Each structure stands twice: as structure tokens, then as C-alpha cells.
Amino acid sequence: MKKMALVLLTASVSAPALAESPDFYGRFWVGGTFSDSGLAGNEKVDGVSLENYASYIGMKGTHEISSTLNLIYKAEAGIESFDNSASNVFKSRNTYIGLDGSFGEITFGRNDTVFKKVEGGIDQFNITSSDMNRLIAGNDRLGDTITYRTPVLAGFQLGATYTPEDDFGGKAELDDANNYAVSLVYGDGKLKKTPHYLAVAYADGLNGLKAVRVAAGYKLGSWQFGALYQDSESLQYTNLDGDSWLLSAAWKHGAHKVKAQWSVDNAGLGKITGNAGADLDTVTDSEAYAYSLGYDYALSKQVTVGAIASYYDGEFTDAAGRTEFDDTLLTAHLKYLF
């Protein structure tokens, strides 16, 4: 009996400690990419290159303060060592501490902005060289931020990101930069908890961008559909503003997933316009298109292999005149989650 009591006492003492231990996790994700002109690939190489798709390691956890209040934390670092030319082994990723309770959740530190988060799972080629950020700006992860999210009420959730003006990485001097973003989300962006998703967000000055983003997703059986619209205005390059559109679709059956995506932009704030050599200070008009097809095969719950084919084309006018550009990407990749 004494031995049984000792076992129960040990279990009762150990359980909370084990429950509060941090979770360690990570991702290794690399791909081999052929780029026809070096404009869209991560390495900006004209030819074949090995690309690292935001591999990382991290830990996260929750510490119970009371029955209604928890401390939450995350520390995540990107792994840059896959590239021999990288000068840094690690890269900053989401790292924050905060509180979670009946009031919602508030975090302090480096985090994805709520403007970025409304993308949900709509971008079928997120992180890779076919990421929507080649055309569409605003997918920012910023340090020195305060992020708040309300509890989910009837499927709706409000969010806000704010960076103090005096701690805004040198961009506080931009005209009309109010350094915040707000969002309203309905449903689950990954379409796992709900088959529908609708979100709207507004960014005012974060990373020099003033923009409105509307995103929607719907899951029907094995099919998943997504759409995104964004109106953007640069506070750094006051000559750049315009609209962006994205449509995506995916079909999943067992271990197989086939996906397609189309996007267009006339704001000129995506990465590919600058990569094509545009003088952003003097651009008067621009237009870019992206078309992508992909296939993923899950070897296990943690390991996925895949292939992507993408084509980009566009044009812009700056002080040097009219310039047309295009690029074709062919990628094979391997991803491991742990």
C-alpha cells in the first residue's frame, strides 16, 4: 500500500511538470530548381541551384499560471546551413512570449503580422520559389511587435499587430506610416476545422505598406479552392500602387495532391519586379503574371516529395524605358517535419 501511494504521489507531482515541458519541432525542406533566367528562384541563379525552403528548428510551450491564464512562448530559428555561401548559420523567425486567457491572446516579440496570417492556406506554393510573394507584397514577419487576437466568437476572430513608432526599424519617418495592421477572420484558414474561410485585413505602414487584403477559401470533398485580392500602396515608393489577384485549387486523394495557381499584379511591389532590374523609384506602370502547377506525394505523415513547374512573365516602365521579362522554374523538393 505504501509503495502504491508513493507511485501515485510521484505521478501527481510529475504530471504537471511533464505537461509544461516545451515541445521541440522543426522542418528540413530543400529543393533542386532550374531557373531559365534567374528572376524568380530563391538563389536568383540562371540555371540549376539547391534551394532551402525556410528550414527551421524551434520550441514552444504553455505554462499554466492559473485555471484561466496561461503564459505562452515560442522560439524559432531558421537554418541557413544548407547553403555553402551563407554567412549566418541561423536566421530570425517567430520568437515571442505572451499571455492567453478568456480575454484572448497577446504576444510580444517577432511574429507574423495579422495581415500576413489571413493568407491562410490559400497560397498552394507557400515558402517555395513559386510563393505568392514573387508578385504580392505584405507577407511580413516583423520583430518588436505586439499582436493581439480575441477569442473566437461565433466563428469570428479579430486580430491586431502594432509596432511602437520609435522602434520601427528606421521606417518610422515614412509619411502616413501608422505601424499597425488589423484583421477579421471567419472560419479556419487551413480548412481543417471548417470547410469555409473568409478574411479581411488592413495594413497601415507596417514595412512601408498600406494595403487591404481579402481572402476566401472553400473545401468541397477532395477539392480545395482559394482566392485572394489585395489593393496595395507603397509609402516608400510613392509611385507604386495597384491591385493583385490570386486563384488556387488543389485536389487531394490519399497520399497524392495535385495543385494549381494563377496570380496577377499591377502594383509592382512583389519581389520579381525588383529582381527584373526595375528602378522602383521611377516605375510608372508594371504588370506581372504567375502560373504554377504542382504535385506532392506523402511518403509518410512527416515526409513529402514533390515537383513544381512555374512560369512568370511581365513588363514595367521606368526611367530606362519599357522592359519585358519572363522566367520558367522547374523544381523537385523533399520536406521532413519533426
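This is a stop-by-stop tour of a predicted model, with a selection to make at each stop.

**Stop 1: the whole chain**

Start zoomed out, with a cartoon view. You should find 3 helices and 17 strands. The radius of gyration is 22 Å, close to the 20 Å that the globule rule gives for 338 residues, so the protein is as compact as a globular protein of that length. Line the view up with the principal axes and the C-alpha trace spans about 90 × 45 × 45 Å.

Now switch on a surface. The accessible surface comes to about 17,300 Å², and carbon and sulfur atoms own 59% of that. As for the inside, buried residues make up 40% of the 338. If you like contact maps, try one here: taking contacts between residues at least 6 apart in sequence, 57% of them join residues at least 24 apart.

**Stop 2: a nonpolar patch on the surface**

Keep the surface on and select Tyr 218, Leu 220, Trp 223, Phe 225, Trp 251, Val 258, Tyr 295, Tyr 297 and Leu 299. Together these residues make a nonpolar surface patch of about 850 Å². Which strands each supply at least two residues of the patch? Colour β11 (209-220), β12 (223-234) and β15 (285-298), and you have them.

Then pick out Trp 251, which belongs to strand β13 (residues 241-253). Its relative accessible area is 31%, so Trp 251 counts as partly exposed.

**Stop 3: Glu 76 and Arg 93**

Drop the surface and show charged side chains as sticks. The model has 6 salt bridges by the rule used here. Begin with Glu 76 and Arg 93, whose closest N and O atoms are 2.7 Å apart in a salt bridge. This pair links distant parts of the chain: Glu 76 is in strand β4 (residues 69-79) and Arg 93 in strand β5 (residues 90-101), 17 residues apart.

Is Glu 76 buried or exposed? Buried, because its relative accessibility is 7%, under the 20% cut-off. Arg 93 counts as buried too, at 11%.

**Stop 4: a salt-bridge network, and a pair for contrast**

Next, select Asp 112, Lys 116 and Arg 141, which are linked in a network of salt bridges. Within it, the closest N and O atoms of Asp 112 and Lys 116 are 3.3 Å apart. Both Asp 112 and Lys 116 are buried.

Now jump to Glu 315 and Arg 322. This salt bridge has its closest N and O atoms 2.8 Å apart. Here the partners are partly exposed: Glu 315 has a relative accessible area of 25%, and Arg 322 has 44%.

**Stop 5: Thr 107**

Go to strand β6 (residues 104-112) and centre on Thr 107. At 2% relative accessibility, Thr 107 is buried. What does its side chain pair with? Look at Asn 111: a polar contact of 3.3 Å joins the two side chains.

To see the rest of the surroundings, skip neighbours within four places in sequence and show Ile 72, Tyr 96, Ile 97, Gly 98, Thr 145, Ile 146 and Thr 147, which are in contact with Thr 107.

**Stop 6: Gln 261**

Move on to strand β14 (residues 256-265) and select Gln 261. With a relative accessibility of 9%, Gln 261 counts as buried. Add a distance label here: a polar atom of the Gln 261 side chain lies 2.8 Å from the backbone nitrogen of Gln 124.

Leaving out neighbours within four places in sequence, the contacts of Gln 261 include Ile 122, Asp 123, Gln 124 and Phe 125. Also among them are Ser 130, Met 132, Leu 246, Leu 247 and Ser 248, as well as Ala 290, Tyr 291 and Ser 292.

**Stop 7: Ala 276**

Finish in the loop between α3 (271-275) and β15, where you'll find Ala 276. Ala 276 is buried, at a relative accessible area of 18%. How many residues separate Ala 276 and Phe 325 in sequence? They are 49 residues apart along the chain, yet 6.7 Å apart in space, C-alpha to C-alpha.

Show the side chains around Ala 276 to close the tour. Not counting residues up to four places away in sequence, Ala 276 touches Leu 39, Phe 316 and Phe 325.

Methods: Residues numbered from 1 in each chain as written. Predicted model: local features only at pLDDT ≥ 70, side-chain atom pairs only at ≥ 80, totals over all residues. Heavy atoms only, no water. Patch = residues over 30% accessible without salt bridge, like charges linked within 9 Å, V, L, I, M, F, W, Y side chains within 5 Å. Areas by Shrake-Rupley, 256 points an atom, 1.4 Å probe, with all protein chains shown as cover. Salt bridge = Lys/Arg side-chain N within 4 Å of Asp/Glu carboxyl O. Helix = DSSP H or I, 4+ residues; strand = E, 2+ residues; numbered from the N terminus. Buried < 20%, exposed > 50% of the residue type's maximum accessible area, 1.4 Å probe, protein only. Rg over C-alpha atoms; globule rule 2.2 N^0.38 Å. Contact = heavy atoms within 4.5 Å. Polar contact = N/O pair within 3.5 Å; in protein donor to acceptor, adjacent residues only side chain to side chain.
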